[in-house]
Amino acid sequence: MTSDAESAQSISALGGRLLTLTAGPPAAGGTFVARHEGRVVFVRGTTPGETVTARLLEDPQEQASARFWRAEALDVLEAGPDRAPTVWEEAGIDGVGGAEWAHIALPAQRRIASEVMQELLRRAGVSSFPIEQVQVEPAPHDAEGLAWRTRVRYAVDADGRVGMRGWRSHEVRPVGEDPLSAQPIRELRLGEWTAPEGTEAIDAVAPSAGPASVVLIGRDLDPDSVVIPESWGDADVAVRTARGLVTLRGDGTVHERVGERLFTVSATGFWQSHRRAAELLSDVVETTLAAPRGGSAWDLYGGVGLFAAVAAQQVGADGTVVTVEGNRRASQLAAENLEDLPQVSTATADVTDWVRARRGGVDAVVLDPPRAGTGIELMELLARTVREKIVYVSCEPSTLARDLAAIEKKGWRISDLRAFDLFPHTHHIESVAVLERASS
Ligand SMILES: C[S@@+](CC[C@H](N)C(=O)[O-])C[C@H]1O[C@@H](n2cnc3c(N)ncnc32)[C@H](O)[C@@H]1O
């Protein structure tokens, strides 16, 4: 929070109008609902029940007829019961983005996320599961919600200063101690380093096996200009320019261990970010998918094969698993990661196109789309094609709710729905829905 004088300065700089608002229930996107003269205002940086001085993001004159306005809390006039000392001084309003709930006590974050998730399901019309049972659960051994992020994209300004962007801002701001990042990423001390000219972003990864990785990204970045600082220890280093990836140390991949299996992932490719996520989600898929022995399964949006490995164990050597992934490199790595499992084959394709082209059915499907969700067409295709079970892993409850409502209309029901706090101190929620035919 800023002092009155600082607030007044930043307000006049932005031309934002000040309002006194009392925040009510949570809304999507990490905001809270307040009212001003009857109009809804979505406020960031506050907590339920507290009164704040907030800066309007819209010009009230230009937006006089808008249904709602948006605002950011600058000063707390009366703190709400969920407010806690922030876990990250540099985050929040006028600070770095990506930790918009750092000022809310962790149990309250989970309660609020549960309310948001339940409301999204209700609004989408989901009806086959007792929605009030959906409660966001912590990841195992994650009491504080700190040091969990194993993938971090840093921004770099024109002077080579490394930081993160503010919310809806291009400005690069210092990250300080960055308490959400896993220890090996913090140890790189990127915030104290000056990146060479032409660096636009830096991807840092703390994998569960092997050294950390640093990839400097810049269209015209000269790999010869990179001097690796001592603080990077034995981290792998690469440079990604418009011409492709140049490795300076390592081979541009990282390694992730889940149980007995080692996965190779591209250093800039997708892997679940929370240090406990891959294992937790694999366990949940293992206990819910129940692909029949000798049967068939698909792993859609499969990445480097995390859930295909689970499905392959279930169907056994006489069964079949296809893992479908749009990114060619991830698909290649999935094939290599699972080459000891001959029942697995890979397809590099758009998932909806691939499923649309299939003739015949499949016993069980696990799918894990990006935030956009599957879309209704794919849910309807799956409703016709899948014989027994669909396990839907989601990182965006609003699109999950839409997709679940769509498949319910096609004769499927939700037999289980769990939500996990895999993004502590942010409003994001991971969840897993288990679907079965309504008649089963
Ligand atoms: C949330 S990740 C899940 C990956 C994997 N299941 C895992 O847990 O590691 C989503 C994946 O879907 C892929 N993807 C996104 N849109 C796609 C599409 N339309 N068709 C195929 N793959 C897609 C992305 O490349 C990414 O690997």
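## Polar contacts of the ligand

In this predicted model, a side-chain N or O atom of Asp 368 is 3.1 Å from a nitrogen atom of the ligand. Two further acidic side chains can be described in a similar way. Asp 350 places a polar side-chain atom 2.8 Å from a ligand nitrogen atom, and Glu 325 has a polar side-chain atom 2.6 Å from a ligand oxygen atom.

On its own, the ligand would expose 600 Å², and the protein buries 83% of this area.

## Residues around the ligand

The ligand is surrounded by 16 residues. The closest of them are Gln 272, Glu 325, Gly 326, Asp 350 and Val 351. Glu 325 and Asp 350 thus appear in this list as well as among the polar contacts described above.

Sorted by class, the shell consists of 8 nonpolar, 5 polar and 3 charged residues.

## His 103

His 103 sits in a loop. This loop lies between strand β5, residues 68–78, and helix α2, residues 106–124. Is His 103 buried or exposed? The relative accessible area of His 103 is 11%. His 103 counts as buried because this value is under the 20% cut-off.

The side chain of His 103 reaches the backbone oxygen of Thr 46 at a distance of 2.8 Å. Thr 46 is also listed among the contacts of His 103 when neighbours within four places in sequence are left aside. The other residues in that list are Gly 45, Thr 47, Asp 82, Arg 83, Ala 84 and Thr 86.

Note on methods
Residues numbered from 1 in each chain as written. Predicted model: local features only at pLDDT ≥ 70, side-chain atom pairs only at ≥ 80, totals over all residues. Heavy atoms only, no water. Near = heavy atom within 4 Å. Polar contact = N/O pair within 3.5 Å; in protein donor to acceptor, adjacent residues only side chain to side chain. Areas by Shrake-Rupley, 256 points an atom, 1.4 Å probe, with all protein chains shown as cover. Nonpolar A, V, L, I, M, F, W, Y, C, P; charged D, E, K, R; others polar. Helix = DSSP H or I, 4+ residues; strand = E, 2+ residues; numbered from the N terminus. Buried < 20%, exposed > 50% of the residue type's maximum accessible area, 1.4 Å probe, protein only. Contact = heavy atoms within 4.5 Å.
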